[in-house]
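Take a look at the model below. This report walks through sheets first, then helices.

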Amino acid sequence: MILSYVIDYLFGSPTVVGVAVVVLAILYYYSTSTYGKWGKLKVAHVSPWPLVGNTFRMMTGLENQVNTFDGIYKRFAGHRYCGFYQMKTPFLMIRDPELINSIMIKDFSHFADRGFRMDPSTNILANGLFFLCGPKWKTMRQKLSPGFSSGKLKLTHNQIAACSDELMRFIKNKIKENDQIEVKETMGKYSTDVIGTCAFGLKLDTVKNENSDFRKYGKEIFQNNYRIVFNQILTTTSPRLAKLLGIAAFSPAASAFYESAINEVIRYREENGIVRHDVAQSLIEARKDLVLGSKNENGFTEQDIVANAILMFFAGFEPVSSTLSFCLYQLALNQNIQEEMRDEMNSKLKEHGQMNNDFLVDLHYTDMVLAETGRMYGVANALFRETVKTYQVPGESLVIEKGTRIMIPLFSPEEKAKRTSSTYLPFGDGPRFCIGKRFAELEMKMVLSQILTTFRVLPGEKTEVPLKFKSGLPVLASKNGIWLCFQSISK
C-alpha cells in the first residue's frame with residue numbers, strides 16, 4: 001500500500017517526471033557530447049554506446065584489455081588509423097608503422113606527452129616519470145638517466161648475480177618438496193630483491209622471506225581490485241569527480257608503506273653521508289637541484305622525488321617478473337628452443353670463463369628469445385600519447401587537433417622478423433623509450449642463464465595450456481598462475 005503510494009507520487013507527479021526527464025537528458029548529452037568527433041573527421045570508427053563508448057567490458061573488468069584493443073585493431077584492417085571511444089573520451093588508434101614512427105620519433109615534439117591526468121592525492125605515481133608532461137618530464141628524465149648509464153649497469157653485475165644465486169638455492173630446496181613451482185611469484189621475489197639492492201641499496205631477501213612487506217604490498221598494488229577499476233572509470237569519465245571523491249587508485253596501506261620506505265632511504269643516506277652509484281643517488285641529487293636548489297622553475301616538490309622513486313621500484317619488479325615467467329612458460333612448451341638457449345649459454349660460458357658482463361652481452365640467441373617473449377606477451381598492451389601541437393597527418397587530409405588522445409597497439413599477427421620498424425615496441429620508442437631497458441635485459445639474462453644451465457624446465461600437471469589472463473588490470477597477468485617443473489641437470 002505504502003509502496004504503491006510512493007510509486008504513484010514519484011511517477012504520477014508531472015514535476016518529478018519533468019525533473020527526471022531533464023536529468024536523463026543532461027546525462028545523455030554529457031555522455032555522448034564527444035561522439036561526433038570521428039564521424040566529423042571522416043575517420044573509420046566503432047559506433048559507441050551512450051556513456052560506455054566502446055570499452056565497457058574492458059573498463060568493468062569483464063574483458064582483458066588485449067582482447068578489446070585487438071578486436072578494434074582487426075576490425076579496421078587496411079586502414080592507417082581508426083577511432084574508438086573509451087567511455088566518452090575519443091581515441092585515435094594508429095595502425096600504420098610509418099605513421100607510428102613519425103609520432104614516436106620523427107615528429108615527437110607534437111606528441112611528447114602520454115596524456116594521463118592523475119591527481120597526486122589519489123595516485124602515488126601521478127608525479128612519476130611515466131606520467132609527467134612537458135618540461136617537468138624532460139628535466140626529470142635528464143636527472144634520472146645517469147643512474148642507468150653503461151658504467152652504472154656494470155657496477156650492478158655482482159649484486160644481480162648474488163640475487164640469482166639466492167634464487168637458485170631457493171629452487172633447489174623447493175623441488176625437494178615438489179618439483180612444480182609457481183614461477184610468476186618466484187620471479188617476482190627475485191626481481192624485487194634485484195631492484196631493491198641495485199637501485200636503492202636495500203637487502204630485502206624476499207626470496208627467502210615469505211612475509212616480506214615489500215613483496216606483500218607490491219602484489220597488492222597490481223592485484224585486480226575494485227580500486228583500480230573504479231578509479232579508472234572515474235578518471236576517464238570525470239576527472240573532477242574522481243578528485244572530489246578522493247578514491248585512491250591503490251591501497252592506502254601500500255602507498256603509505258612505500259612512501260615511508262623511500263623517505264627512510266633518502267633520510268638515512270643524507271644523515272650518514274652515504275653515496276652510492278645507483279638510482280636512489282640520482283634521485284637524491286635531483287632533490288638537491290630541483291627541490292632544495294635556488295632555481296626551481298618547474299615547481300618540483302618532495303612528492304615528485306618520492307613518486308619517481310616508487311615508480312622506479314614498481315617498474316623494476318613487475319615487468320621483469322612477468323616477462324621472465326612468460327619466457328619460462330614458452331621454453332617449457334618448446335624444448336628445442338630451450339636446448340638452443342642452453343647450448344649458447346654453455347658455449348659462451350666456456351669462452352668467457354664466468355657469467356660476467358661480457359658473457360651476458362654475448363647472448364644473442366637469448367636476446368631474440370626475450371624479444372619474442374615481449375612480442376607475444378607485452379606486459380603493457382598499448383602506448384599512449386597526447387597531441388600537444390596540432391598535427392597534419394603526412395599524405396592525408398586528417399588534422400589531429402591539440403589534445404587528441406593517441407593509442408598505439410603493441411600487438412600484431414606478423415612475426416617480428418617480417419615486421420618493419422615501429423611495430424615491435426615492448427619498451428616504447430623515441431625520446432620516451434623505457435629508461436630501464438638495458439638494466440632489465442641484463443637482469444633477465446643473468447637469471448635465465450643460471451636457471452637453464454642448472455635445470456631443465458618442463459610443463460607439469462598444473463601447467464595451464466593455453467594460459468588464461470586476468471581482466472581489469474593495466475598489465476598482462478595470468479589468471480591462475482604459471483606452474484612449471486624444474487628438473488636438475490647432472491653436471
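In what sense do strand 4 and strand 7 pair, and over how many bridges? They pair in the antiparallel sense, over five bridges, with strand 7 covering residues 405–409. Within this pair, Phe384 stands opposite Met407 of strand 7.

Some ground rules help here. This is a predicted model, where local features need pLDDT of at least 70, side-chain atom pairs count only at pLDDT 80 or more, and totals for chains, interfaces and linings use all residues. Residues are numbered from 1 along each chain as its sequence is written, and side-chain values use heavy atoms, leaving out hydrogens and water. Helices (H or I, at least four residues) and strands (E, at least two) are DSSP runs, numbered from the N terminus. Two strands pair if DSSP finds at least two bridges between them.

**The four-stranded sheet**

Strands 4 and 7 belong to an open sheet of four strands, ordered 1-2-7-4. Its pairing is mixed. Strand 1 (81–86) and strand 4 (382–386) are the edge strands, and each pairs on one side only. On average, neighbouring strands are turned by 30° against each other, direction ignored.

**The three-stranded sheet**

Another open sheet has three strands in the order 3-9-8. Here the pairing is antiparallel. The edges are strand 3 (180–182) and strand 8 (455–459). From one strand to the next, the twist averages 40°. Strand 3 pairs with strand 9 (residues 483–488) over three bridges. Glu182 stands opposite Trp483 in strand 9.

**Helices across the sheets**

Four helices lie across these strands. Angles run from 0 to 180 degrees between N-to-C directions, and axes are lines fitted to C-alpha atoms, for helices over the stretch in contact. Contact means heavy atoms within 4.5 Å.

| Helix | Lies across | Angle |
|---|---|---|
| Helix 5 (residues 65–75) | strands 1, 2, 4 and 7 | about 145° to strand 1 |
| Helix 6 (residues 97–106) | strands 1, 2, 4 and 7 | about 125° to strand 7 |
| Helix 9 (residues 157–177) | strands 3, 8 and 9 | about 55° to strand 8 |
| Helix 10 (residues 183–200) | strands 3 and 9 | about 60° to strand 3 |

**A helix pair**

Two packed helices are described by the angle between their axes and the distance between the axes. The axes of helix 10 and helix 16 (residues 302–333) come within 8 Å and cross at roughly 145°. Among the residues making the contact are Met187 and Ile195 of helix 10, and Phe313 and Leu324 of helix 16.
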